[in-house]
Amino acid sequence: MRGVLAIAVVIAVLAVVPLLVHSNVVLNFLVVTLMIALAGQGWNIIGGYGGQYSFGHAAFFGTGAYVTAILQVHYGVNAWIGFLAGIVAGGAVGGIIGGLAFRAGLRSSYFALVTLAFAEVLRILASVAPITGAGVGLLVKLDLRAQSFQFQSRAVFYYVVLALVAIGLLIAQWLEHSRFGTWLIAVRENEDAAMALGVDATAVKLSAMVISAAITAAAGCFYVQYFLFIDSSIAYGTWISIEALLTPIIGGVGTVFGALVGALVVKSLGEGAKLVTGDVPGLDLMIYGVMLILVIAFAPRGLVGTLTDLRAGLTRRFGFPRKTAEVVRG
Amino acid sequence: MLSPVILITAVLNGLMTGAVYALVALGLTLIYGVLHIINFAHGALLSAALFAAFLAYQKLGLDPYVAAFLLAPCFFALGYALQRFVIGPASHGDDRNMLLVTLGLAVLIENALLYEFRADTRTIDLAYSFKTINFGFTFLSVSRLISFVAVFVVALALWLIMALTDTGKAIRAVAREKLGAELAGIDVAHIYAMTFGLGTACVAIAACLLIPTYYVNPSAGNAFVLVAFTIVVLGGMGSVPGALIGGLVIGVVESLGGFFFGESLGQVGIFLIFIAVLLFRPRGLFGASA
């Protein structure tokens with residue numbers, strides 16, 4: 001219950017922002033940041049809670065984006081339905097990739113490689129197939145009406161992506177307190193031991209992969225509605241695979257708020273660097289690379305995890321017996 | 001029209017491209033065999049080496065084949081330092097952390113190159129860049145023939161290092177049984193770094209062999225490394241002969257695939273092989289055990 005309350009407070013604070021800030025630049029920055037947080041939250045489900053580090057979450061982001069765009073552009077399907085279809089398609093692709101990889105027993109380096117390879121295959125296919133617009137990409141027709149999921153104001157988009165992020169947070173919160181989540185964490189910690197205790201490791205990982213892929217796909221669907229354009233190097237490019245894993249790892253891998261905190265920190269630093277030096281290509285990503293290494297070296301549980309550890313350490317040192325009493329009573 | 005001469009030329013060209021793939025893969029498989037991680041920074045290091053070879057020619061007037069003798073030790077030292085002082089300490093001995101640290105290095109190196117040199121694609125003009133030898137039935141590029149031979153020389157040298165030197169013995173010992181090697185007094189952190197250095201030196205030599213006929217830009221190395229992953233998986237992770245044969249096979253597959261289906265779909269063929277091998281025979285064709 002306290003977890004849900006924390007989520008409500010965080011979302012409420014973020015929801016106030018558009019009332020105070022009217023700058024389109026700031027809102028645009030926040031919308032993109034939240035979109036990356038959403039993609040990262042998807043990664044966090046299978047990577048953080050499941051311990052399976054995917055290097056190819058672009059496969060899901062891109063599938064969500066393309067399905068949303070293709071249904072609208074080629075088949076005249078309503079954008080909201082396209083959006084839902086994109087999420088379902090992303091989840092399905094997650095199920096296929098996860099099913100193949102987990103059934104083959106791929107772990108660690110091998111799992112990272114196979115996910116990367118699937119994303120690359122999809123990228124190359126999308127760069128030549130006519131239905132995806134091949135090298136040119138797809139433009140969604142401008143139609144600023146709510147029923148076509150397009151809004152004049154960035155604030156509305158902000159609330160849409162914030163709602164999606166809230167759902168992502170709630171799913172992580174549910175994982176931490178459900179039987180399924182416990183199984184998933186058990187598999188992460190020691191797959192063989194979990195199986196010995198009767199956990200169907202493959203099925204658990206597969207379900208987590210589908211949820212994970214669907215969340216990241218939602219970020220891709222949102223990308224299309226926000227920018228009204230998609231091409232193969234955006235949809236299936238390595239950039240999104242890297243940002244999706246970077247944000248939860250920096251924020252706190254396998255924590256509810258990890259991806260959100262990570263996205264805010266990473267994107268702020270990236271934009272900050274651009275402000276200082278002008279828009280030089282490569283600088284923001286250089287900073288991401290350095291941060292990734294530094295966080296793994298000095299705070300392997302990420303910012304949220306390290307703060308939690310610090311608080312636990314302080315509690316232990318200065319002793320608030322109230323906490324222990326609660327545990328004993330509970 | 002499909003004539004056997006064109007087909008043979010395609011196969012020969014594939015073999016020569018494949019040899020350079022094999023060299024890149026050799027570095028990767030060596031690192032995997034000992035450290036048991038995929039080095040995701042391999043491609044970025046290849047791009048860096050391509051730039052180094054490019055600059056050696058541009059600023060110092062060094063022929064790439066001469067520069068190889070300078071760059072190989074430099075990149076050996078670079079690889080050694082990266083593993084000893086960055087990857088090793090940062091990853092706390094956890095495999096997944098190691099993967100992420102190499103990924104972080106890849107992002108850092110690639111974008112440092114982008115920052116410094118921008119995305120422009122550069123080439124160097126050498127007198128022999130486009131020289132060919134007439135074999136009667138077909139023409140083959142001189143510089144690609146040189147690289148074909150050079151790859152086998154490097155592979156032989158590597159084999160000699162592994163078979164005859166103490167360091168080679170220690171590397172093999174650590175690959176086989178890390179704890180036992182440590183108990184026998186081998187400095188594992190040092191051996192890890194030596195292995196990483198050797199793998200990185202392979203990349204530097206590959207870059208010098210590539211630069212006469214290839215181009216350089218900050219992400220030039222990535223194309224090779226995705227192929228090298230495939231080769232390493234195909235040949236069996238950690239297997240040196242597997243990497244050589246796998247490299248040649250993949251070179252031919254790509255050349256023929258490109259010949260029949262067009263350039264980008266030839267690449268899809270490689271990835272499909274990759275995924276199929278990963279899923280159905282992750283030990284690879286020559287690997288002992290996963």
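These legends go with close-up views of a predicted model.

**View 1. Where chain A meets chain B.** Put the two chains together and about 3600 Å² gets buried between them, with 83% of that on carbon and sulfur atoms. On the chain A side, the residues that lose the most area to chain B are A:Y110, A:L113 and A:I293, and together they make up 18% of what that side buries. As for head count, 37 residues of chain A and 40 residues of chain B take part in the contact.

**View 2. Polar links across the chain A and chain B contact.** Looking for salt bridges between chain A and chain B? The count is zero. Polar contacts do turn up: four residue pairs between the two chains, with both partners at pLDDT 80 or more.

**View 3. The helices that chain A brings to chain B.** Which helices of chain A each supply at least two residues to the side that touches chain B? They are α4 (79-103), α5 (108-126), α11 (238-251) and α13 (283-298). Helix α5(A) gives the most, chipping in 13 residues. Sorted by class, this side of chain A holds 31 nonpolar residues, five polar ones and one charged one.

**View 4. Helix α1 of chain B from end to end.** This helix covers residues 4-35 of chain B, 32 residues in total. From its first C-alpha to its last, α1(B) reaches 44 Å, close to the 46 Å expected at 1.5 Å a residue. Just past the end of α1(B) sits B:H36, which takes a positive phi of about 60°.

**View 5. A:Q41 and its surroundings.** Have a look at helix α2 of chain A, residues 24-49, and you'll find A:Q41 there. Is A:Q41 buried or exposed? It's buried, because its relative accessible area is just 4%, and the cut-off for buried is under 20%. Skipping neighbours within four places in sequence, A:Q41 is in contact with A:G168, A:L169, A:A172, A:I215, A:V256 and A:A259.

**View 6. A:L206 on helix α9 of chain A.** Here we're in α9(A), residues 201-227, which is where A:L206 has its place. With 21% relative accessibility, A:L206 counts as partly exposed, because buried means under 20% and exposed means over 50%. Residues up to four places away in sequence aside, A:L206 touches A:G95, A:G98, A:G99, A:F102 and A:R103. The C-alpha atoms of A:L206 and A:I97 are 9.1 Å apart, although 109 residues separate the two along the chain.

How values were computed
Residues are numbered from 1 along each chain as its sequence is written. Chains are lettered from A and ligands numbered from 1 in the order in which they are written. This is a predicted model: local features need pLDDT of at least 70, side-chain atom pairs count only at pLDDT 80 or more; totals for chains, interfaces and linings use all residues. Side-chain values use heavy atoms; hydrogens and water are left out. Contact means heavy atoms within 4.5 Å. Buried area is the accessible area (1.4 Å probe) that two parts lose on being put together, summed over both. A salt bridge is a side-chain nitrogen of Lys or Arg within 4 Å of a carboxyl oxygen of Asp or Glu. A polar contact is a pair of N or O atoms within 3.5 Å; within protein, one must be able to donate a hydrogen and the other to accept it, and residues adjacent in sequence count only if both atoms are side-chain atoms. Helices (H or I, at least four residues) and strands (E, at least two) are DSSP runs, numbered from the N terminus. Ala, Val, Leu, Ile, Met, Phe, Trp, Tyr, Cys and Pro count as nonpolar, Asp, Glu, Lys and Arg as charged, and the others, Gly among them, as polar. The expected span of a helix is 1.5 Å times one less than its number of residues. Buried means under 20% relative accessible area, exposed over 50%, partly exposed in between (1.4 Å probe, protein chains only).
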